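Colleague: I am new to this model. Please take me through its cavities and one of its helices.

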Amino acid sequence: MRRVLSDDGTVLPGAKVPDISDDDLVALFDSMLLVRVMDERMMRLQRQGRLGFYMTSIGEEATHYAVYPLRPTDWVFPSYREQGAFFWRGYSIQNYIDQLYGNANDPVKGRQMPVHHSARWLNIVSISSPVGTQIPQAVGAGWAARIAGKDDVSMVFFGEGTSSTGEFHVGMNFAGVSKAPVVFVCRNNGWAISTSREKQTAAKTFASKAVGYGMPGIRVDGNDILAVIQVAQEAVDRARAGDGPTLIEACTYRRGAHSSSDDPSVYRDAREPEEWARRDPVNRFRNYLKERGLWTEQAERDILDKHNEAIAKVQRESDRTGPPPLESLFEDVYETIPWHLREQRDWLLSQPRVKSPHQH
């Protein structure tokens with residue numbers, strides 16, 4: 001397994017540290033803290049009944065930054081636990097919370113479940129609830145770029161449970177045969193909801209599945225952000241050079257519940273997340289930055305204050321924002337709305353309206 005940092009954040013003997021500027025190292029830590037703060041705040045909102053649904057990524061944040069080597073023109077096909085990938089590519093706190101509320105400022109106009117973000121302007125494709133659907137899409141996008149003569153790369157994220165689906169095998173096979181420029185990032189967090197890793201596959205590792213499709217399979221410590229970026233950089237370079245796809249297995253652990261609708265205490269030992277907390281990716285990276293002289297307690301307090309204040313401000317604005325306009329139901333499907341849908345829209349808009357609980 002590829003590692004750069006030890007569990008306490010010191011560089012391992014003989015490890016090659018990826019070439020990342022000091023400014024970017026601090027920015028990466030800033031972004032990881034934003035994900036951690038956001039998860040804690042949004043889960044509290046869900047428990048207060050103000051959000052219908054939420055999914056945290058506590059303990060898995062380092063895997064998000066596999067997107068670090070990508071260019072803006074590359075494509076990202078996320079699963080539902082890559083908040084940091086969105087933030088790193090420019091998704092704002094406002095975009096994030098408005099989507100959770102499904103209000104009038106929601107980039108997808110309230111048409112998706114909370115946590116199912118989509119950012120076309122950042123080349124990030126919509127998250128889907130069905131697992132694995134994004135894999136053939138990513139392969140198709142990568143292959144299309146190649147046909148169009150571009151050197152853009154597709155990166156697709158999924159959990160290890162998704163490797164049991166047909167979409168995984170279809171996508172991997174086509175990418176291997178066609179040498180599509182795709183980076184597969186399998187986030188192995190130990191549990192596919194309540195199904196343990198041992199009950200998901202007889203394979204020794206998930207990375208080993210790459211062999212059957214004629215591509216490299218690399219295991220990386222998913223709690224080590226430097227190692228994640230290092231293997232992602234190699235895979236992206238390989239794809240961009242026309243040498244084909246790579247499967248990355250990022251080994252991490254889901255310390256929280258699968259979602260706000262899940263109770264992991266009924267299917268796993270409570271000592272498991274406690275043991276993994278000692279390998280926390282944020283703590284490891286913090287210690288590394290401290291060794292480099294790039295971290296201070298005051299700087300971290302400033303970052304946390306900045307994120308907490310920004311989230312609170314956006315939350316207040318989102319609370320005051322009403323739902324998407326009713327007529328938006330008829331938008332974005334046809335370039336020109338057909339006559340029968342225009343009639344339905346006009347009839348709907350002519351009917352009495354019930355006041356929304358969002359309208360004060």
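Modeller: In what follows, Ala, Val, Leu, Ile, Met, Phe, Trp, Tyr, Cys and Pro count as nonpolar, Asp, Glu, Lys and Arg as charged, and the others, Gly among them, as polar. The model is predicted, so local features need pLDDT of at least 70 and side-chain atom pairs 80 or more, while totals for chains, interfaces and linings use all residues. Residues are numbered from 1 along each chain as its sequence is written, and side-chain values use heavy atoms, without hydrogens and water.

Colleague: How many charged residues are in the lining of the largest cavity?

Modeller: A cavity is a set of points on a 1 Å grid over the protein atoms alone where a 1.4 Å probe fits but cannot get out, and lining residues have an atom within 4 Å of a point. Residues lining the largest cavity include Pro78, Tyr80, Ser128 and Thr162. By class, this lining has five nonpolar residues, five polar residues and, as for charged ones, none: no charged residues.

Colleague: How many charged residues does the lining of the second largest cavity have?

Modeller: Among the residues that line the second largest cavity are Arg81, Glu82, Phe86 and His117. The lining divides into four nonpolar, three polar and, for the charged class, two.

Colleague: Where on H5 do the buried residues lie?

Modeller: Helix H5 (a DSSP run of H or I, at least four residues, numbered from the N terminus) spans residues 134-147. Its buried residues (under 20% relative accessible area, 1.4 Å probe, protein chains only) are Gln134, Ile135, Ala138, Val139, Gly142 and Ala145. Because they cover an arc of only 140° around the axis (taken from the directions from the helix axis to the C-beta atoms), they lie on the same side of H5.

Terms used:
1 Å grid on protein atoms, 1.4 Å probe; cavity = no way out; pocket = protein on both sides within 12 Å on 5 of 7 lines; lining within 4 Å. Helix = DSSP H or I, 4+ residues; strand = E, 2+ residues; numbered from the N terminus. Expected span 1.5 Å × (residues − 1). Buried < 20%, exposed > 50% of the residue type's maximum accessible area, 1.4 Å probe, protein only.
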